[in-house]
Amino acid sequence: MSPRAQGPLMAAAALALAAVTLVLCPLVGAVSLSWSDVWNGVPPHADIFWTLRLPRVVLAGLAGAVLAVAGTVYQAVFRNDLATPFTLGVASGASLGAVLAIHLGLGAVFWGVSTLPLFAFGGAGVVVLGVFGLARARGREQDPGTILLAGVTVSFLCAALILLVQFMADVGDTNRMIRWMMGGLDVVGWTPTTRSAPFAVVGLLWILSRARVLDQLLTGDALAASRGIAVRRERLLLLLAASLAAGAVIAFTGPIGFVGLIVPHAMRRITGPSHLWLTIGSAGTGAAFLAICDTIARTVAAPTEIPVGILTALLGAPFFLLLLMRGRR
Amino acid sequence: MTRPLILDVKNLGFTYGTTRVLHQVELDVTEGELVALVGPNGAGKSTALACVAGPETLGGRSHTGTIHLGGHDAATLRADARARWLGYLPQNLPADLVLTVEELVWLGRHPHLGAFGLRRERDARAVEDALADCELGPLRHRRACDLSGGERQRAYLASALSAQPSLLLLDEPTSALDLRHALSLLQILKSGSAAVLMATHDLHLAARYCDRVAVLHDGRVRAFGAPDEVLTTELLREVYGVEATIVRDPSTDRPIVLATELAP
């Protein structure tokens, strides 16, 4: 099959996989549910489905899609295979915000959202904007290398501050902080999804609309610029869109690693490098992958739930290694 | 010489930090012409090409002086209009590109595509022509990273040609190529319709194929004219600091430059 035919087909397959996952995963759990019970509103099965299972699976799908697509953007913009949605400090900024919220014990609620995710999103936003500010102040141009270095530096700064806060906190709070930083999708109700969705959806749509720009960036800044791409502006907006979408999601889920690194790589081998299909494919596969991981995380040792961030790496790493070996031939 | 001017550079200056890279550079290229831009390392050849290619290729830094493209002041041209008019291949092109040759060539067509990247009949024809001109037909489904250096350079050239530019700006396009590939690249340029401004260190190729040669030295144009007027032993001694023997190729009547030793 020619590469051009394979891309759309595989992207469609990834979306179909995501759809099937979102339908089936809510039925699996400590209590097995059937569609007919849910449909007929049989208590407590219908309640479990609508207020516990479905919101959780949808949030997992949203987070997985956002993290995978953000990873795709970061890897293209920095032309670096190791770039992840967290490379510019989104995760460390969010974590710093979260541990501060836990330490300060603030109980306020805004727009239906409690302090912790607000602080986490605020932390992510401050760090991302700070990194761009630093890069801009350092040189007149914003070359990707400077942005990358500024991001890594700020991440280390946040990590040190997180340790400082943990050092000063009592044991119970420290436990909560560590648990949050492992990442998890143990939400109740729709608030996390509806609050992060605007950022996530706008970010994803923006990135999708810039797929051709991402393709051009593959050939380097100078060549892309000569083809009429406003390289610096496009790069800034793409990174902002990806970072804010990722920040909005991990404000509720905590940093979930691996998805943003591995899914884009795996999809590049399957859909090819064209970013339209790669982005759609990554979104679908990321959503399905995280939803499946979370389903396993909450069932395999039920009633205990394993933090999903642990599972994404445990399940994803062998799969990706297999893909790597097969690709080498 | 009444052919229309494709490129007209007047009083071009460029400063990077406190270093003056280009000073009062005057250059022109007429329709269908091949012009070589030669000079020692650091003379400002790449910067001069990038200035013509547009401010975005220089990371948004601006130059002084004026650049006219086909009679239009480049400063007033929109980026997409400029992109339809000229093709540019910088010196360091990614070698690790996982795109296929065909996909790479389509990327070059970008400035002409319709909304949402819509590909029309004439776009497909331009891409096919570019692939054929660069003899890439058999390689079209190969990935650019799997090609040899010479093949990959041809693929990038095809990518630039697919936009059917009036002017091609090439930064040392033959530096990584063997004798055969270098000659074949120049043949492609010579038989194409685009005017070419090409930075190169290969004085032999410049003399053999180019209509005119511009010699840059310390950011200034030291000489500009037909190869046999410009490439003299005095100029090579002054600009490159080498003693050279210049012989005439009996079959083409073009000069051949042989650097023999460092000038005292």
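For my notes, two residues are in contact if their C-beta atoms, placed from the backbone, lie within 7 Å. I also remind myself that I am reading a predicted model.

**Entry: the sheet of chain B**

With that meaning of contact in hand, I looked up helix H1 of chain B, residues 45–53, and found that this helix lies across E1, E2 and E4 of chain B, running at about 115° to E1(B). I then asked myself in what order the strands of this open sheet follow one another. The sheet in chain B has 4 strands, which come in the order E2-E1-E4-E5 with antiparallel pairing. At its edges I found strand E2 (19–30) and strand E5 (72–73) of chain B, each of which pairs on one side only. As a general reminder, strands of a sheet pair through backbone hydrogen bonds, either parallel or antiparallel. Looking at one pair in detail, I noted that strand E1 (residues 5–16) and strand E4 (residues 64–69) of chain B run antiparallel and are joined by 5 bridges. Within E4(B), the residue that stands opposite Lys10(B) is Thr66(B).

**Entry: the nonpolar core**

Next I looked up the largest nonpolar core, which has 186 residues, and I wrote down Val66(A), Ala245(A), Val249(A) and Leu167(B) as those with the most contacts inside it. Helix H3 of chain A, residues 45–77, gives the largest share of this core, namely 16 residues. I followed Val66(A) further and, leaving aside residues up to four places away in sequence, found that Val66(A) touches Ala200(A), Gly203(A), Leu204(A), Ala245(A), Ala246(A) and Val249(A).

**Entry: two crossing helices in chain A**

How do H3(A) and H12(A) lie to each other? Their axes come within 7 Å and cross at roughly 70°, where H12(A) covers residues 259–271. An angle from 65 to 115 degrees counts as roughly perpendicular, and therefore H3(A) and H12(A) are roughly perpendicular to each other. Among the residues that make the contact, I noted Gly64(A), Leu67(A) and Ala68(A) of H3(A), and Val259(A), Gly260(A) and Pro264(A) of H12(A). Sorted by class, this contact between H3(A) and H12(A) has 7 nonpolar, 5 polar and no charged residues.

**Entry: where chain A touches chain B**

Last, I looked up the contact of the two chains, which takes 21 residues from chain A and 24 residues from chain B. On the side of chain A, the elements that give two or more residues are helix H9 (211–217), helix H10 (221–226) and helix H11 (231–253). H10(A) provides the largest share of that side, with 4 residues. By class, I listed the residues on the side of chain A that touches chain B as 8 nonpolar, 7 polar and 6 charged.

Conventions
Residues numbered from 1 in each chain as written. Chains lettered and ligands numbered in written order. Predicted model: local features only at pLDDT ≥ 70, side-chain atom pairs only at ≥ 80, totals over all residues. Core = buried A, V, L, I, M, F, W, Y, C linked by C-beta atoms within 7 Å. Buried ≥ 20, exposed ≤ 12 C-beta atoms within 10 Å, placed from the backbone. Pairing = 2+ DSSP bridges. Axes fitted to C-alpha atoms, helices over the stretch in contact; angles between N-to-C directions. Nonpolar A, V, L, I, M, F, W, Y, C, P; charged D, E, K, R; others polar. Parallel < 35°, antiparallel > 145°, perpendicular 65-115°, else oblique.
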